[in-house]
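Biologist: Could you take me through one helix-helix contact in close detail? I'd like to know which residues meet there, how the two helices sit against each other, and what lies around them.

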Amino acid sequence: MVISNKELLEISTRIERDGRLFYLELSKHVDDPTVNEFLQVMAREEALHEVQFKEMLEKKGDQVYGWEDHQGLRDMMEKEFKTDIFPPIEEIMEHVTKVKGIEKALDFAVEAETVAGEFYGLLVDMCNNIEVKTLLVLLQKAEHDHLERIQLLRKEFLKKSPESK
């Protein structure tokens, strides 16, 4: 089954838009101004990724880039993107303490950034257009950077948290 531009746009938009909303909502639960600003920067970067991916697919048009009938990509789309990538923050926060909720939210962020990076990486591996491949590599790297920064934030948050001592 051919993977359409529309399907890819829907998935990438959902990844990036949900990420943006997730980080903005999480920032409302964080008291530390540095962490709050970090989460807002993450949200802005997710919004930028959404625009970049949309522009890439608009330029693609009907051109074949190599991923259109790739079963591995189809399988990943079916497995990873049928449900929400980032869960609603309120669902996380209502069942646990504030600190545990933030910790759990950061765990979800780690998983979501990992999956996003894998998604873009799969597109990179299959893409046969050098200009598009370059953009996808940059998106993949940005997701990897997000992953590393979220992991570092989580580690620092847990170190400072009174509940984790």
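Modeller: On the α3 side you've got Gly72, Leu73, Met76 and Glu80, and they meet Val115, Glu118, Phe119, Leu122, Leu123 and Met126 in α5. Sorted by class, that contact has seven nonpolar, one polar and two charged residues. Bear in mind that this is a predicted model.

As for the geometry, α3 covers residues 71-80 and α5 covers residues 98-126, and they pack at an angle of about 165 degrees. Angles over 145 degrees count as roughly antiparallel, so that's what α3 and α5 are to each other. Their axes are 10 Å apart, and α3 passes α5 in a left-handed crossing.

Now for the surroundings. The largest nonpolar core has 51 residues, and Phe119, one of the α5 residues in the contact, is among those with the most contacts inside that core, along with Leu8, Trp67 and Leu136. Helix α5 gives the most to this core, with 14 residues. Still, α3 and α5 aren't alone here: α1 (5-27), α2 (33-60), α4 (89-93) and α6 (130-160) also each supply at least two residues.

Trp67 is worth a look too. Setting aside residues up to four places away in sequence, Trp67 touches Leu73 as well as Leu123 and Met126, which are all part of the α3-α5 contact. The other residues Trp67 touches include Ile3, Leu8, Met56, Leu57, Val132 and Leu136.

Definitions and conventions
Residues numbered from 1 in each chain as written. Predicted model: local features only at pLDDT ≥ 70, side-chain atom pairs only at ≥ 80, totals over all residues. Heavy atoms only, no water. Axes fitted to C-alpha atoms, helices over the stretch in contact; angles between N-to-C directions. Helix = DSSP H or I, 4+ residues; strand = E, 2+ residues; numbered from the N terminus. Parallel < 35°, antiparallel > 145°, perpendicular 65-115°, else oblique. Left-handed = near helix turned anticlockwise from the far one by under 90°. Contact = heavy atoms within 4.5 Å. Nonpolar A, V, L, I, M, F, W, Y, C, P; charged D, E, K, R; others polar. Core = buried A, V, L, I, M, F, W, Y, C linked by side-chain atoms within 4.5 Å. Buried < 20%, exposed > 50% of the residue type's maximum accessible area, 1.4 Å probe, protein only.
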